[in-house]
Number of protein chains: 2
Amino acid sequence: MAQTSLKRFFNPRSIAIIGASTDIRTINGKPLHYLQRHGYAGDLYPVNPKYAEIAGLTCYPDLKSIPGDIDLALIVVNYKLVPAMIEQCAARKVPFVTIFSSGFAEAGEEGKRIQAQVARLAAEAGIRICGPNCQGAVDLFDNTAAAFSASLDPAPFLPGPVGFVTQSGALGYSIFNMAQESGIGFSYVVSTGNEMDLDAADFMDFMLDDDRTRMVFAYLEGIRDGDKFIRLAEKARRVGKPLAVLKVGRSETGSRAAASHTAALTGSDEVCDAFFRQKGIIRVDDIEGFIDLATAMKGRTPLPRGSGLGIVSISGGGGVLCADTAEACGLTVTALKPETTEMIAANIPSFGSPANPVDVTAQAINTADGFANVIQAMLADPGVDGLVVVITMIVGEPGRRMARDLVRLSQEAEKPIMVAWTAGPGLVAEPFAVLSEGNVPLFHSPVRAVQALAKLMHYGTDAERPSSADPGVAAAQVPPPISDDIEKLLASADRTLTERQSKQILSAFGISISRERLARSREEALAACEEIGLPVAMKIDSPDILHKTEADAIRLNVTASRQVGEFFDEIVENARAHKPEARINGVLIQEMVPAGVEVIVGINRDPQFGPVLMFGLGGIFVEILKDVAMRIAPVSLQEAMKMIREVRGYPLLAGARGRVKADVAALARTLVKVSQMAVTLGPQLDQLDINPLIVLPEGQGVRVADALMILAGK
Amino acid sequence: MAQTSLKRFFNPRSIAIIGASTDIRTINGKPLHYLQRHGYAGDLYPVNPKYAEIAGLTCYPDLKSIPGDIDLALIVVNYKLVPAMIEQCAARKVPFVTIFSSGFAEAGEEGKRIQAQVARLAAEAGIRICGPNCQGAVDLFDNTAAAFSASLDPAPFLPGPVGFVTQSGALGYSIFNMAQESGIGFSYVVSTGNEMDLDAADFMDFMLDDDRTRMVFAYLEGIRDGDKFIRLAEKARRVGKPLAVLKVGRSETGSRAAASHTAALTGSDEVCDAFFRQKGIIRVDDIEGFIDLATAMKGRTPLPRGSGLGIVSISGGGGVLCADTAEACGLTVTALKPETTEMIAANIPSFGSPANPVDVTAQAINTADGFANVIQAMLADPGVDGLVVVITMIVGEPGRRMARDLVRLSQEAEKPIMVAWTAGPGLVAEPFAVLSEGNVPLFHSPVRAVQALAKLMHYGTDAERPSSADPGVAAAQVPPPISDDIEKLLASADRTLTERQSKQILSAFGISISRERLARSREEALAACEEIGLPVAMKIDSPDILHKTEADAIRLNVTASRQVGEFFDEIVENARAHKPEARINGVLIQEMVPAGVEVIVGINRDPQFGPVLMFGLGGIFVEILKDVAMRIAPVSLQEAMKMIREVRGYPLLAGARGRVKADVAALARTLVKVSQMAVTLGPQLDQLDINPLIVLPEGQGVRVADALMILAGK
């Protein structure tokens, strides 16, 4: 879908409203009413055989009677009539249709059938559809309100830099109204309904290309096409526009309810969350979290380049509250340089605090430049990437002066400044008006100011940043090819591969496995032992025996050559006894991997996002604590390092409390390789479980001690 | 301090303002101005030799010239003059004084000296002091504004059920203003300043006794007297009034900043947090968290009796968002009874959802009683302890009707109903006014509505509930006495007790220790082994050798009698070699405790709260994961069980994944006993570390394998 064409969807030169009515209290009457109310400048064609005229406009009995071209048709008729209307649209070569009507896939079997019929007709005619079961779209800069929510009552619109896509019409448009009343300007709003054709990602993609949109926000209940979203997220980072998402369905109950409510597949929220984190999509958990973020991005707020926070407060308590929140959000309350502290000390009374959080005290009211000087000194400190300024109860002229200072400083600053003024809008109306006109991000809660800035700071620093200097990423662009041997192995193997087969494949992708030989006789076993060196592990190799311990067909830590022959026989006999019909390839002779930290690396296939890489520490960490890091494959080396550091058990790898440091770098490279292998193997790989992978001491690499691979569709 | 007397502090019959001024822009002019503005009904005596009259009132040159009795004196003069003013107050038998002036302990050495002098003078005269360095107090029901914050500008006050105590004047009064503008009514507000005499707990205690106060909120930077707060918290639960606290200084930076800002000791936030949880004090992390809580308690909101949440939404998305938040807050999204679901299904369209979260769909606008019927059905379900109702964009008459329904239902209901109406106050002004007049808790964010209700639900269910049926609690009331033997042992011991001494004391308090004997010769060692039975552990017993492994003076798992003599000699020799001057009592012969789960139990002494009980699992859990539960001693059996369940490693004790279930009941009893012992021993016990305590399989009890006790002041 070419992006430019959606311009005519949001800002069409002409609109037909099929099923228009004179009653502006109904869904049929509202779209025309709102289009007129907000001064839509194009041609409007109400269509309804019942009327000759609506709201001063000629009303047409059908589409073919309309004199001019139609860029957009809005359909507000009973769902059963919609296919016929699409045929009329096709005849008139209408490029875009928004279907407000409900009764489709969300309503039951009949609705599903009609929706499929509509989709077929539209696709044949090359018509792009928004909806059905949606509330329509608004282009605020161009005064095009092709929608019916009561949220469009207030006029004029407040246009601005936020593009908004919502999978819930009712909730979405109510968020729009709350945000507009909070002073948040929008470029576009669109409710996507059942997403029969155009989906949330299509609209977001268009907004990323739009010059007037600086930030895209989406309310999502499910992601339909993971690949499309991955490309979207990468584009958002390329063009430098933050993508923020409120995705519901985090909880089990919520996810179930979302699945029943929407026609979209909701997928695993854990995977979705991993994807957001990996691709630098800002996730918010509340309507107000979104409004806060948009507030933080107001005016010309530059994106912060790091996570060092400066705090200036006129009341000690406000500064402490900010510092608490900052640490909880993973920000650093910057230790200021001595020059900065000196400069601040010269501008505040002796009972203030020149250290961060800076307390300028209420005396700030009485000095002309002290307050501004302090803020300037903070902004000049290289460790400060953004500032939160807390003001409590300052009213009248001192309040207005502070507000004017803050407007001036914000306009000059190359770092973001958030103001948290803890007072009601009644008592401090004038200073608030000054800040609002000056487009300064204004909060009433210091906590929310810090949280919003933290999201921007993490956005600036956290996400996967593709760079040619990162070999992991570079390699990830070109997945390694599959060799003929591996092709053959995959073709001939059962659905569940043996340990040996799984390891052969891992090895083919450059992943270090324990040294091993297959022995088909006592003699071969002895020879293998000599080659590998004692001690060894001995395990049955059979596609029919996956639980070797259960079959008592495994011997670990074999230290003497004299035991090898005897163990060989025992293992084979036990295996036969366990499963007489088992195909037995022989006994696998493996090196005993020296001591290291045991970790688990896995791949699972997500229906939306494809292969998902999983990492965790062995033992209680994954089993009891569910201490797992996840990412969509492939991952870069940088991202792999983040996964490793993100698990709670990381100190065990890092050498905490006198432990030996593990080879974290080799582990990271292994994660990258496993993720690349998953991409290369594609959908045929259903599941991989490397358990354990032994991470040896620094410089000594890693070794796959056991692995299990399951193929799909066998 | 008798509570009734503080009534005259908040609502005095007469007030003298020492240092009053005609300039209402100054701190000197404001108190009189605000008292008059809000219609204070008692006698007002401005005191200032410079004026004959202020604001139509006679101004007196000093206190002795005032004709009537003075209940409260406000002091607004330079800090150096304050002692003289206190002397004047003493001469006039003024019972209460609020000192607004700053320059005292918060400002430096001279201020500290003068503050001490003022404290002495006041104590001698029996004067109770609020402040210094505070912003004063307000009694909203009685229109007494004895304070100077600009937050008192709006008139009239909105009186109501919330009592508010703040350790920060500036931040506190700005929160007061925000809350009043949000429709939160207060009974009292007081800023406590340096708490030279009356502290936050004193004022909170008074408010708990006050009939017009239903909930007490405090902004705290530090707790001065832990015992007083413990009694306060217990009283709050007794009288059934929620106590909510915003305590700053959670983070390291924040805690440091708070300590430098306030004259109060801040103490450990972790301990404070444990105390809040244990005693059912609601902790909020944001100004708005407090406003939300007060909103939730509006009108006649009954306290919920459980944590089962019902959700009714007119938009699927809103319900899902609530369900997500509920699970994150630890609430249960109740599975409704079949009768309830049937009743709901009869009142909503077929494409709605009759399961919780219930989606009544936007059709709710068009039916007369459906919406109310659904809410009534939900309220009647025994699994629903409280309800959140989400409304999106409903305006005009349908909106007004819903609002009226909600007012009626809230007034009748015996369960709390929160309304989350996701719309701006501009567009939905009328329904909001109906809800506000009807005192219905109204939120604009479903997330915040659920979070606020969750705090009330946890308040109702979570805290330690003393009950005679709980032997732990009953016993905790009467700490076990110390025997003469133990008295002697404590008196004669070094500061750091030996393992044997520590265990003797634990054993005296009924805590199971490993069986052990002290052997002073090879022969005694052999005899002990026979008595205890092999295998045993052998350890040096010396007050001078605490790190036995370092001295190589320990032998574990001794399995043969023939080794005992030899090991005895080795241990003694190695100990002598390690520390030639060491006092050696002999060798401790201990049973080898059978396998179990190793846990750590400890006591640390907190400067505010006294002995703090610590519990965690051994190994990586405490060391790497800092996975620790804490409580103020003593704990009840119920609270001990909560500690055990609260650590992340709990599944290891509960028998996760085929593990043996550990004797959790015996562990809980041991925690209770250790906590009681700590209370009995009192301040002389500085630290106790039981590491490890072995928790044996269910029914087999626990065993202290090693312990270290450190006494204070030796």
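Two strands pair if DSSP finds at least two bridges between them. Helices (H or I, at least four residues) and strands (E, at least two) are DSSP runs, numbered from the N terminus. The model is predicted: local features need pLDDT of at least 70, side-chain atom pairs count only at pLDDT 80 or more, and totals for chains, interfaces and linings use all residues. Residues are numbered from 1 along each chain as its sequence is written, chains are lettered from A and ligands numbered from 1 in the order in which they are written, and side-chain values use heavy atoms, with hydrogens and water left out.

**Exercise 1. A sheet in chain A**

Task: Find the order of the strands in the open sheet of 4 strands in chain A, and say which strands stand at its edges.

Solution:
- Step 1. Recall that strands of a sheet pair through backbone hydrogen bonds, either parallel or antiparallel.
- Step 2. Read off the order, β21-β24-β22-β23 (chain A), with antiparallel pairing.
- Step 3. Look at the ends: β21 (516-519) and β23 (554-558) of chain A each have a single partner strand, so one side of each is left without a neighbour in the sheet.
- Step 4. Compare directions: neighbouring strands of this sheet are turned by 20 degrees against each other on average, direction ignored. For such angles, axes are lines fitted to C-alpha atoms, for helices over the stretch in contact, and angles run from 0 to 180 degrees between N-to-C directions.
- Step 5. Add the helix: α20 (residues 522-532) of chain A packs on the sheet and touches β21, β22 and β24 (586-591) of chain A, where contact means heavy atoms within 4.5 Å. The direction of α20 makes about 170 degrees with that of β21(A).
- Step 6. Zoom in on one pair: β22 (residues 536-541) of chain A is joined to β23(A) by 3 bridges, and the two run antiparallel. Here Lys539(A) stands opposite Ile554(A) in β23(A).

**Exercise 2. A sheet in chain B**

Task: Work out the order and pairing of the open sheet of 5 strands in chain B.

Solution:
- Step 1. The order is β2-β1-β5-β6-β7 (chain B), and the pairing is parallel.
- Step 2. At the edges are β2 (43-47) and β7 (128-130) of chain B, each pairing on one side only.
- Step 3. Strand β6 (residues 96-99) of chain B shares 3 bridges with β7(B), running parallel to it. Thr98(B) has Cys130(B) in β7(B) as its bridge partner.
- Step 4. Helix α2 (residues 30-37) of chain B packs on this sheet, touching β1 (14-18), β2 and β5 (72-75) of chain B. Its direction makes about 165 degrees with that of β2(B).

**Exercise 3. Where the chains meet**

Task: Describe the interface of chain A and chain B.

Solution:
- Step 1. Count residues: 74 of chain A are in contact with 74 of chain B.
- Step 2. Take the area: about 5200 Å² is buried between the chains, with carbon and sulfur atoms giving 65%. Buried area is the accessible area (1.4 Å probe) that two parts lose on being put together, summed over both.
- Step 3. Find the top contributors: Asp324(A), Leu427(A) and Ile624(A) supply 10% of the area that chain A buries against chain B, more than any other three residues.
- Step 4. Look for charges: the interface has 4 salt bridges, a salt bridge being a side-chain nitrogen of Lys or Arg within 4 Å of a carboxyl oxygen of Asp or Glu. Arg448(A) forms a salt bridge with Glu288(B), with the closest N and O atoms 2.6 Å apart.

**Exercise 4. Unusual backbone spots**

Task: Locate two cis peptide bonds and a positive phi.

Solution:
- Step 1. Keep in mind that most residues other than glycine have a negative phi, and most peptide bonds are trans.
- Step 2. In chain A, a cis peptide bond joins Asn691(A) and Pro692(A), with omega about 5 degrees. Pro692(A) is in strand β28 (residues 685-695) of chain A.
- Step 3. In chain B, Ala633(B) and Pro634(B) are joined by a cis peptide bond with omega about 0 degrees. Pro634(B) lies in the loop between β27 (628-632) and α23 (637-646) of chain B.
- Step 4. Glu195(A), a residue other than glycine, has a positive phi near 50 degrees. Glu195(A) sits in the loop between β11 (186-191) and α6 (200-209) of chain A.
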